[in-house]
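Let us walk through this structure step by step, starting with its interior and then turning to the spaces that the protein leaves open or encloses.

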Amino acid sequence: MVSPGQTTTVLLTVERSLAPSGVIPMAITPYVTSVFPFDNSTAVGFFQYESGAASQPKSLPVNVPNLPKMIDTEFATEFSNRLRSLATYRYPCRVPRSVDKQVIVTISLNLQDCPLGKTCRGYAGKRFLASMNNQSFVRPPMSILEHHYKNLSTSDALSASTFPEKPPESFDYTGVNPVTENMNTKFGSKVLVVPYGTNLEMVLQDTGFLNKENHPIHVHGHNFFIVGQGFGNFDGNKDPANYNLVDPPERNTIAVPMGGWAAIRLKADNPGAWFVHCHLEVHNSWGLAMAFIVLDGLDQSQRLLPPPHDLPSC
């Protein structure tokens with residue numbers, strides 16, 4: 001199970017006796033949770049033994065009997081839950097055991113009322129958008145990084161207030177009617193700001209608006225540890241008791257379960273401005289994104305580097 005934006009290194013041992021022709025097929029198929037049209041084809045590649053090159057058949061029959069079905073959430077979940085860090089002396093697992101700040105972020109697809117005088121081609125004549133904590137991200141005219149580096153606190157490019165650390169409203173996130181209860185989102189460029197060295201936990205909560213989906217959420221600038229995930233609504237009183245703080249997998253992209261949640265932890269030790277977004281590009285273009293700023297630390301090595309001298313100006 002590899003989500004959009006993820007990379008996985010696989011150590012493979014092949015058995016020559018299982019491939020009399022010297023050719024072994026490798027296939028991949030999409031895991032589907034969307035109601036929107038998609039490419040349902042199966043891609044196939046081949047491993048070939050060097051000794052089998054001379055006898056390669058003109059046609060390569062492909063038989064992949066164990067390829068998961070496209071709508072197989074049970075398989076995807078079971079596979080993802082088995083992943084672990086090595087957590088050895090040579091390859092330690094530096095998951096934060098304690099948290100300085102917890103941020104709960106809802107992931108939503110939205111139906112926006114069509115502006116007056118406009119024609120919208122979304123469902124029921126509305127416009128498709130997406131949001132995090134009901135903010136559909138709008139890229140400001142000036143780079144967030146440049147805005148932060150120049151300390152332009154009075155600029156209109158970014159909102160003065162920070163990104164909300166919890167949903168603006170508490171509700172049955174995964175149990176809502178996908179259409180009738182779908183709220184209009186707000187537009188903005190609010191960013192989350194954290195001090196250098198903050199142990200940050202983000203709980204990414206899918207919602208039932210429009211469609212429950214498996215969203216691949218990518219965090220720039222940091223790796224993180226997937227300490228917990230599940231289906232339904234995150235319960236802050238019960239779910240943390242089941243976190244894996246020993247050997248959780250380390251990633252920079254998390255496939256948030258369809259109609260569920262995922263908790264990630266990271267140490268914010270890379271100063272600058274960093275993008276967090278869905279790696280389904282259509283959702284990204286709809287505004288399913290946010291940004292966070294890591295402030296400078298005390299040491300020179302913990303401070304944001306100046307821009308290169310040849311940085312083009314806009």
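The largest nonpolar core of this predicted model has 31 residues, and those with the most contacts inside this core are Leu204, Ile217 and Ile254. Strand E3 gives the most to this core, with five residues. Apart from it lies another core, which has nine residues, including Cys93, Val203, Val227 and Trp261.

To see how one of these core residues is surrounded, consider isoleucine 254. Leaving aside residues up to four places away in sequence, isoleucine 254 touches Leu204 and Ile217, and also Gln6, His215, Pro216, Phe224, Ile226, Gln229, Ala262 and Ile264.

Isoleucine 254 also leads us to the enclosed spaces, of which the structure holds two with 30 Å³ or more. The largest cavity contains about 120 Å³ of space, and its lining is made up of Met1, Gln6, Ser80, Leu83, Ile226, Gln229, Pro249, Arg251, Thr253, Ile254 and Ala255. Strand E10 (224-231) and strand E12 (253-256) each supply at least two residues of this lining, and E12, with three residues, has the largest share. Sorted by class, the lining of the largest cavity has six nonpolar residues, four polar ones and one charged one.

The second largest cavity has a volume of about 70 Å³, and the residues that line this second cavity are Thr106, Ser108, Asn110, Ser131, Asn134, Pro167, Pro168, Glu169, Phe171, Met183, Thr207 and Phe209. Here the largest share, three residues, comes from strand E3 (residues 101-112), the strand that also gives the most to the largest nonpolar core. By class, the lining of the second largest cavity divides into five nonpolar, six polar and one charged.

One residue of that lining deserves a closer look: is threonine 207 buried or exposed? Threonine 207 has a relative accessible area of 1%, and because this value is under 20%, the residue counts as buried. Its place in the chain is the loop between strand E8 (198-206) and strand E9 (215-219). The side chain of threonine 207 makes a polar contact with the side chain of serine 108, at 3.1 Å. When residues up to four places away in sequence are not counted, threonine 207 touches Thr106, Ile107, Ser108, Tyr173 and Lys212.

We can now turn from the cavities to the pockets. In the largest pocket there is about 1,700 Å³ of space, and 49 residues line this pocket, with Met1, Val2, Ala27, Ile28 and Thr29 the closest to its centre. Strand E1 (23-28), strand E2 (43-48), helix H1 (73-82) and helix H3 (281-286) each supply at least two residues of the lining, while the largest share, five residues, comes from E1. The lining of the largest pocket has 32 nonpolar, eleven polar and six charged residues.

The second largest pocket has a volume of about 550 Å³. Of the 22 residues that line this pocket, Arg84, Ser85, Pro249, Glu250 and Arg251 lie nearest its centre, and the elements that give two or more residues to the lining are H1 and strand E11 (250-251). Its residues include ten that are nonpolar, eight that are polar and four that are charged. Pro249 and Arg251, which appear here, also belong to the lining of the largest cavity, as does Met1, which is among the residues closest to the centre of the largest pocket.

Definitions and conventions: Residues are numbered from 1 along each chain as its sequence is written. This is a predicted model: local features need pLDDT of at least 70, side-chain atom pairs count only at pLDDT 80 or more; totals for chains, interfaces and linings use all residues. Side-chain values use heavy atoms; hydrogens and water are left out. On a 1 Å grid over the protein atoms alone, a cavity is a set of points where a 1.4 Å probe fits but cannot get out, and a pocket is an open set with protein on both sides within 12 Å along at least five of seven lines; lining residues have an atom within 4 Å of a point. Grid points are joined across faces, edges and corners, and a volume is the space filled by probe spheres set on the points. Helices (H or I, at least four residues) and strands (E, at least two) are DSSP runs, numbered from the N terminus. Ala, Val, Leu, Ile, Met, Phe, Trp, Tyr, Cys and Pro count as nonpolar, Asp, Glu, Lys and Arg as charged, and the others, Gly among them, as polar. Buried means under 20% relative accessible area, exposed over 50%, partly exposed in between (1.4 Å probe, protein chains only). A polar contact is a pair of N or O atoms within 3.5 Å; within protein, one must be able to donate a hydrogen and the other to accept it, and residues adjacent in sequence count only if both atoms are side-chain atoms. Contact means heavy atoms within 4.5 Å. A nonpolar core is a set of buried Ala, Val, Leu, Ile, Met, Phe, Trp, Tyr and Cys residues joined through side-chain atoms within 4.5 Å.
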